[in-house]
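Me: I should like a close look at a single part of this structure. Please describe that part in one connected account, together with whatever it pairs with.

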Amino acid sequence: MSLRVKKKKKQSSADEENTEDIKPSEDSDDEFYDVEKVDPSEGPVADSANADSGTNRAASQEGYFPWKEELECLVRGGLPMALRGELWQAFVGIGARRVKGYYESLLGVVDGGGDSKGSDSPTKECGDGKPKASQDLSSEKWKGQIEKDLPRTFPGHPALDEDGRNALRRLLTAYARHNPSVGYCQAMNFFAGLLLLLMSEENAFWALTGIMDDYFEGYFSEEMIESQVDQLVLEELVREKFPKLVNHLDYLGVQVAWVAGPWFLSIYMNMLPWETVLRVWDVLLFDGNRVMLFRTALALMELYGPALVTTKDAGDAVTLLQSLAGSTFDSSQLVLTACMGYQAVDEARLQDLRNKHRPSVLSSMENRAKGLLAWRSTNGLASKLYNFKRDTEPLVSISTEQLNDSTDGDANQETSSGNIDDMYHGLTVNTEIDSMPDPKDQVIWLKVELCRLLEERRSAVLRSVCLKYPRSSPV
Amino acid sequence: MAHRVDNEYDYLFKIVLIGDSGVGKSNILSRFTRNEFCLESKSTIGVEFATRTLQVEGKTIKAQIWDTAGQERYRAITSAYYRGAVGALLVYDITKKLSFENINRWLSELRNHADSNIVIMMVGNKSDLNHLRSVQEEEGQALAEKEGLSFLETSALEALNVEKAFQTILSDIHQIISKKALAAQEAAGSGPPTQGTTINVADSSGNMKKGCCST
């Protein structure tokens, strides 16, 4: 398959030999995908998953790809439908993540044995080794939700017949088992459905994994923290770029997030015309991050802001924006406005803004679970860790000792000190240390993993509050 | 959209539709605002929105309805939409016991995040599926009485009681509003109440008032 991609590439890019030059110097035969994946991530993206494999090479990457800009132009111009599936896989870098037998093993009978199925676990995604251990513990409560959503995914589409739905079920189930901290979240059914229309089932799994774990990490997890953070970030950007429009929206009492929330959560699916959705996805997947979500939203505001200013109440404003967005048939205009007009809105800028707004999301979540002591005491640490996990340059500055210290500090504060220790223990057992070439990478990996575990625990605590809270619960 | 009549209305009421995933919130919304029902509807991601203007007790009321995603983790996001809502339709599926048992959780959600004066109406949807019923109408009625909510069973598919449910909640809200306005007026000592609007205090949370289909 990688051959096919390469062949097609030749048509669009004369400098194809460059790819060949790099290939032998790297390890796997699926390198092509890896190159593709790293290439667009212009410099060290603060994405945790890129950190282990990408950053080193990314720095020296630019010189090797004189055709990068040309490719970018082509992507922005829209991928040919016949190639879209293949190219998306390349953009997401599924070749580098694929592990033989992993998908089947996730779907295999769930028995107690937490064997690693003899497969060398993917080095790319830190969560990969883990789910099997916790698999038996999690009650797979997402099953019911998946069943509910199967018939509600592109209803009536000919491809989603009995077989199609079975594939969709397997795909969503496999992902939920692969990453229990996300499990299943509504919206994934649409992503998975779209991917299944464009590629084989197993490839769709790896693509979904890439999108969920890299592009949208923390977005669809139990707390949906990053999704809330992004809305605050977008709000600030809209305020900055369209003061007049925001003035009017404030006057009407409309929050940008009311409309943009569903845009982001669905990656514009069902919100824009199909062709336009695909064009946005082309760029988003190529970019290697979710900057395109913001650029598209800003472009939509630019295109429809003038009309919005004429509305007289909140309902009209929202309805109008929704219906205008839904009729954005000129996909080229939208994509070009987004990419050209908002180049300054890049990943670095967004990360800064995210770091700025994240504390308020975390604290409002804290308020949600008010009265819960355990939650309060962990919050400080968790958010701190969470922050440096996302930091763009913490890689050197934070040592393992510090990390351990803060963990101990937390453990002492907590009455349930064993909790963290256990998790930390489990963490080291499950690590794929051998596959990590660099101790620095290991440290990063461990930090990320610890953050993830803290997140998980926090959501468990939150859930337990929810269970305690109902006033007269018959449940 | 068919009902986007004009910009003239006496009141603008924001209503939220909440309840477990798959109970039929989106179809209640589409039945009410567009008189449509879709057997194969798609999952709601985040929130969806629609408006309709209708007559309630002689007043033109524009209902702004927010339809929310039912999956539990979306609550953190959807609760932001409760702000400013004056009414909530809390929907369960009469064929799904669990969705009824979760009513209490949704109530506490509302009480924690919505305006304390929000008018809540409990709705048992899918009454057309009587043969699959697992929640008796009396159970719904009893819970509603206990919690002080109005209650109706609806069928979005058969267009049964959907209109009535909205009429009920909107007129409840209207009564509370006009009662407040009246109280404010009297407090200000500015003469007799306007018009002869009957303000029945005891009845303000009662159910089923007007006939259906005013449009």
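How many of the 10 residues of strand β3 (residues 59-68) of chain B are buried?

Reply: The model is a predicted one. In strand β3 of chain B, residues 59-68, 9 of the 10 residues are buried, so that the strand is mostly covered, given that buried denotes under 20% relative accessible area.

β3(B) pairs with strand β1 of chain B, residues 11-19, through 7 bridges, and these two strands run parallel. Within this pairing, V16(B) is located opposite W66(B) of β3(B). β3(B) also pairs with strand β2 of chain B, which spans residues 47-56; here 10 bridges are found and the strands run antiparallel. One position in β3(B), K62(B), is the bridge partner of T53(B). The connection between β2(B) and β3(B) is a hairpin with 2 residues between the strands. In its turn, E57(B) has a positive phi of about 50°.

Elsewhere in chain B, C38(B) has a relative accessible area of 37% and is therefore partly exposed, as this value lies between the limits of 20% and 50%. Over all chains, the count of disulfides is 0.

For a helical counterpart, one may turn to helix α22 of chain A, residues 347-368, which has 22 residues and reaches 30 Å from its first C-alpha to its last, close to the 32 Å expected. A kink of about 35° lies at H357(A), shortly before the proline P359(A). The buried residues of α22(A) include H357(A) itself, along with R354(A), R358(A) and V361(A).

Methods: Residues are numbered from 1 along each chain as its sequence is written. Chains are lettered from A and ligands numbered from 1 in the order in which they are written. This is a predicted model: local features need pLDDT of at least 70, side-chain atom pairs count only at pLDDT 80 or more; totals for chains, interfaces and linings use all residues. Side-chain values use heavy atoms; hydrogens and water are left out. Buried means under 20% relative accessible area, exposed over 50%, partly exposed in between (1.4 Å probe, protein chains only). Helices (H or I, at least four residues) and strands (E, at least two) are DSSP runs, numbered from the N terminus. Two strands pair if DSSP finds at least two bridges between them. The expected span of a helix is 1.5 Å times one less than its number of residues. The bend at a residue is the angle between axes fitted to the seven residues ending there and the seven starting there. A disulfide is a pair of cysteine sulfur atoms within 2.5 Å.
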